[in-house]
Each structure stands twice: as structure tokens, then as C-alpha cells.
Amino acid sequence: MKLYQSVGPNPRVVLMYVADKGFALPRVFIDIMKGENRQPDYVAKNPFGGTPLLELDDGSAISESVAICEYLEEQHPSPPLIGTTPEERAVTRMLVRRIDHEVVVPMSSGFRSAEGLAMFQDRLLCRPDAADANKAYARDGLAKFDAMLADRHWLAGGRFTLADILLFCFVEFGGQVGQPLPTEFANIAAWHGRVAARPSAAASADAKIGL
């Protein structure tokens with residue numbers, strides 16, 4: 001297998017997940033600032049042009065960070081980062097979906113239509129008129145997770161999971177692109193500190209800058 005990665009929160013999710021699993025993958029860096037992910041050879045692997053992308057030994061490819069982690073979980077089930085029972089896996093996937101809807105999508109859209117507009121306006125649909133609204137949606141989503149973390153060590157309770165990795169990478173990303181964590185979200189701040197202390201957070205930091 002070979003992992004195509006770049007800077008950005010989604011590639012960082014996979015790097016952090018793999019580091020928490022304790023194994024390594026051969027990696028190819030894609031310079032999205034130069035548009036390498038929009039070149040024909042890469043688009044042939046991923047028609048949507050996004051990163052990361054996992055190329056399998058038979059030449060087929062899996063894109064989307066969560067799907068890549070789901071695939072790797074089946075290949076390397078221990079230590080579990082999604083769950084060991086149907087109930088645990090369902091809870092993790094529920095949380096991941098909520099994070100995607102409540103934080104990832106609006107935060108990314110807000111960035112691409114504001115601070116990242118110069119980079120993305122010729123690549124993706126951008127709506128500068130909706131940037132502030134999307135950022136507000138992301139803040140509202142973070143407020144929900146802050147309330148959830150009032151009495152939990154991790155998002156799934158006592159289990160550190162892919163959901164924690166996903167939210168951590170985007171909280172960090174927001175701080176880089178004009179959407180810092182509001183100071184009143186003390187529960188997320190404390191949780192962020194716990195995640196940041198994990199070796200996998202430092203091991204994935206080379207994907208931290210930019211989108």
C-alpha cells in the first residue's frame with residue numbers, strides 16, 4: 001500500500017490514525033499548493049482530486065480520510081480506534097458523521113470562501129457571501145461537542161477513537177485559518193490538551209499547515 005498525502009486536516013487524520021495504530025505506510029507527498037492534486041496522473045487515481053488517497057497493492061485506490069481509516073481498521077484491528085463490538089463501532093461512526101456535518105463541512109467551506117479563496121476559487125465552488133454563515137455553523141457545532149465533553153474524557157466516553165482524531169485535526173485547523181476555538185469552550189480546550197499530549201499528535205504534525 002502507498003499513502004498519498006499533503007498538508008491539511010484530512011491528510012492529518014490518516015497520519016494521526018496510523019501513528020496511533022503503531023504502524024507506518026510508504027508515503028508520497030502531493031503539493032496541493034502547486035495544484036499537483038489537479039494534474040491528470042493524480043486525477044486518474046482520484047477523480048475528485050482530494051487528499052489523502054490510499055493506493056492498494058492491486059493498483060486500486062481509496063480516497064476520503066474516514067474511509068481510509070475504516071479500511072485500515074479492518075486490516076489492523078488492534079488497538080481498536082473504531083470499536084470491538086457492533087455497538088462501539090456504531091457509536092464511533094455516529095460521532096464521526098456528526099463531526100463531519102456539524103464542524104468539518106461548514107469550517108472547510110467557510111475557509112475556502114474567505115481566507116482560502118485565492119487558492120480555491122478556480123478549483124472548487126466558493127461562496128464568499130456564505131463564508132461568515134458557514135463559520136457560524138461550525139462554531140455552533142463546536143458548542144454542541146463542548147457540551148458533550150462536559151462529563152466525558154473522550155467523545156465516546158472512556159474510549160479514544162477515530163472521532164477524537166477527526167475533531168482534533170479540525171479544531172487545530174480552525175486555529176490556523178481564522179476560526180480559533182472560542183475561549184468559552186473550556187471542555188473542548190481541556191479535551192484538546194489531552195489529545196495533543198498523545199504521541200500521534202506530534203507524529204502527524206507535518207500535515208498541520210494549510211489545507
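Arg198 sits over the face of Phe160, 3.7 Å from the ring centre. Keep in mind that this is a predicted model. Beyond that arginine, there are four aromatic pairs to look at in the structure, and a second arginine, Arg194, over a ring of its own, Trp154.

**Arginines over rings**
- Arg198 goes with Phe160, at 3.7 Å from the centre of the ring.
- Arg194 lies over the face of Trp154, and here the distance to the ring centre is 6.0 Å.

**The Tyr4–Tyr42 pair**
- Of the four aromatic pairs, one brings Tyr4 and Tyr42 together, with ring centres 6.1 Å apart.
- Their planes stand at 65°, and over 60 counts as edge-to-face, so that is what this pair is.
- Tyr4 belongs to strand E1 (residues 2-5) and Tyr42 to helix H2 (residues 40-43), so the pair ties together parts that are 38 residues apart in sequence.
- Tyr4 is buried, at 9% relative accessible area.
- Tyr42 is buried too, at 3%.

**The phenylalanine cluster**
- Phe111 and Phe173 have ring centres 5.4 Å apart and planes at 85°, so they also make an edge-to-face pair.
- This pair links distant parts of the chain: Phe111 comes from helix H4 (residues 86-112) and Phe173 from helix H7 (residues 162-176), 62 residues apart.
- Both Phe111 and Phe173 are buried.
- Add Phe170 to Phe111 and Phe173, and you have one aromatic cluster.

How values were computed: Residues numbered from 1 in each chain as written. Predicted model: local features only at pLDDT ≥ 70, side-chain atom pairs only at ≥ 80, totals over all residues. Heavy atoms only, no water. Phe/Tyr/Trp six-rings, centres within 6.5 Å; stacked < 30°, edge-to-face > 60°. Helix = DSSP H or I, 4+ residues; strand = E, 2+ residues; numbered from the N terminus. Buried < 20%, exposed > 50% of the residue type's maximum accessible area, 1.4 Å probe, protein only. Lys NZ or Arg CZ within 6 Å of the ring centre and 35° of its normal.
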